[in-house]
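Work through the following exercises with the sequence and the model open. Each task is followed by a solution in steps.

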Amino acid sequence: VNLIQIVIFLSIIVAVLIGLLAGKKIHNKTENFYVAGRSLSWGIVGLALVAQAIDGNSTMGATSISFGYGFWAGAVIVIGLALSLFILGKFFAPGLNQMGLLTLSDFFKIKYNRKIEVIVSIFLLFGFGILLAGNIAAISILLQFFLDINYETAVILISFTIFVYCFRGGILSDIYSDIWQTILFLAGTIGAFVFLAYNNDFFGV
């Protein structure tokens, strides 16, 4: 067991603990589970959105595409995500928030009817299912490399971790764990930059 493996295990344990602790703030209320009681500050929500932008799909996918096809080929993923979040927050979020929605499909029920809501829900489940599968696959590849375990075991481990902290704490556990993941990502990025810069004589020493 090396330092990297210890850090990975500790990170998973912390994520699970965050979910369990967040569950205490749900108080058996549906609104708390789905939208955190609509009480989160803009700073916390902002950090959560940042974390969503550095998932396995975006980070590993953009890096791989940039390496294979050039900077802008990968940059369009990040730029597109940033623009979509800005447009949503600037022009749509206030109105959607005033409608008191719990899920995105609720909008279609209010605007149209129950049948449209079900159809949209199916498409959303399919789309976000693919997104989740991509993230689990990306993380599992990393765990397979760093923990020296087979791919299937890594998938089960990550899936179980996600299930535990989301089932218990809902959106609160997701947001709080996102903040934790953002801290880890920034620490890892800075550490990698310093390591690469030092070993490639970037500092001139």
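**Exercise 1. Is isoleucine 65 buried, partly exposed or exposed, and what is its relative accessible area?**

Step 1. Set the classes: buried means under 20% relative accessible area, exposed means over 50%, and partly exposed lies in between, with a 1.4 Å probe and protein chains only.
Step 2. Isoleucine 65 has a relative accessible area of 31%, so this residue is partly exposed.
Step 3. Isoleucine 65 belongs to helix α4, residues 56-69. Helices are DSSP runs of H or I with at least four residues, strands are runs of E with at least two, and both are numbered from the N terminus.
Step 4. Leaving aside residues up to four places away in sequence, isoleucine 65 touches Gly70, Ala73, Gly74 and Ile77; a contact means heavy atoms within 4.5 Å.
Step 5. Isoleucine 139 is 74 residues from isoleucine 65 in sequence, and their C-alpha atoms are 17 Å apart.

Two notes apply to every exercise. The model is predicted, local features need pLDDT of at least 70, side-chain atom pairs count only at pLDDT 80 or more, and totals for chains, interfaces and linings use all residues. Residues are numbered from 1 along each chain as its sequence is written, and side-chain values use heavy atoms, with hydrogens and water left out.

**Exercise 2. Describe the chain as a whole: its elements, its box and its contacts.**

Step 1. The chain has 8 helices and 0 strands, so the order from the N terminus reads α-α-α-α-α-α-α-α.
Step 2. Along the principal axes, the C-alpha atoms fill a box of roughly 65 × 40 × 35 Å.
Step 3. The chain has 205 residues, of which 23% count as buried.
Step 4. Among contacts in the chain with a separation of 6 or more, 61% join residues 24 or more positions apart.

**Exercise 3. How many salt bridges does the structure hold, and how accessible are the partners?**

Step 1. Apply the criterion: a side-chain nitrogen of Lys or Arg within 4 Å of a carboxyl oxygen of Asp or Glu. The structure holds 2 such salt bridges.
Step 2. One of them joins glutamate 31 and arginine 38, with 2.8 Å between the closest N and O atoms. Glutamate 31 is partly exposed at 36% relative accessibility, and arginine 38 is partly exposed at 34%.
Step 3. Arginine 114 and glutamate 117 also form a salt bridge, at 2.7 Å from N to O. These two residues are 3 residues apart in helix α7, so about one helical turn separates them.
Step 4. Compare the classes: arginine 114 is exposed at 53% relative accessibility, whereas glutamate 117 is buried at 6%.

**Exercise 4. Inspect the backbone of histidine 27 and arginine 38.**

Step 1. Histidine 27 is not a glycine, yet its phi is positive, about 55°. This residue sits in the loop between α1 (3-22) and α2 (30-35), and histidine 27 is exposed, with a relative accessible area of 56%.
Step 2. Arginine 38, also a residue other than glycine, has a positive phi near 55°. Its place is the loop between α2 and α3.

**Exercise 5. At what angle do the axes of α7 and α8 cross, and which residues meet there?**

Step 1. The axes of α7 (residues 114-147) and α8 (residues 151-199) come within 8 Å and cross at roughly 125°. Axes are lines fitted to C-alpha atoms, for helices over the stretch in contact, and angles run from 0 to 180 degrees between N-to-C directions.
Step 2. This makes α7 oblique to α8. Angles under 35 degrees are roughly parallel, over 145 roughly antiparallel, 65 to 115 roughly perpendicular, and the rest oblique.
Step 3. From α7, Leu132, Ile136, Ala137, Ile139, Ser140, Ile141, Leu143 and Gln144 meet Tyr151, Ala154, Val155, Leu157, Ile158, Ser159 and Ile162 of α8.
Step 4. The residues of this contact are 12 nonpolar, 3 polar and no charged. Nonpolar covers Ala, Val, Leu, Ile, Met, Phe, Trp, Tyr, Cys and Pro; charged covers Asp, Glu, Lys and Arg; the others, Gly among them, are polar.

**Exercise 6. Repeat the analysis for α6 and α7.**

Step 1. The axes of α6 (residues 104-111) and α7 come within 8 Å and cross at roughly 160°. That makes α6 roughly antiparallel to α7.
Step 2. Leu104, Ser105, Asp106, Phe108 and Lys109 of α6 meet Ile116, Glu117, Val120, Ser121 and Leu124 of α7. The residues of this contact divide into 5 nonpolar, 2 polar and 3 charged.
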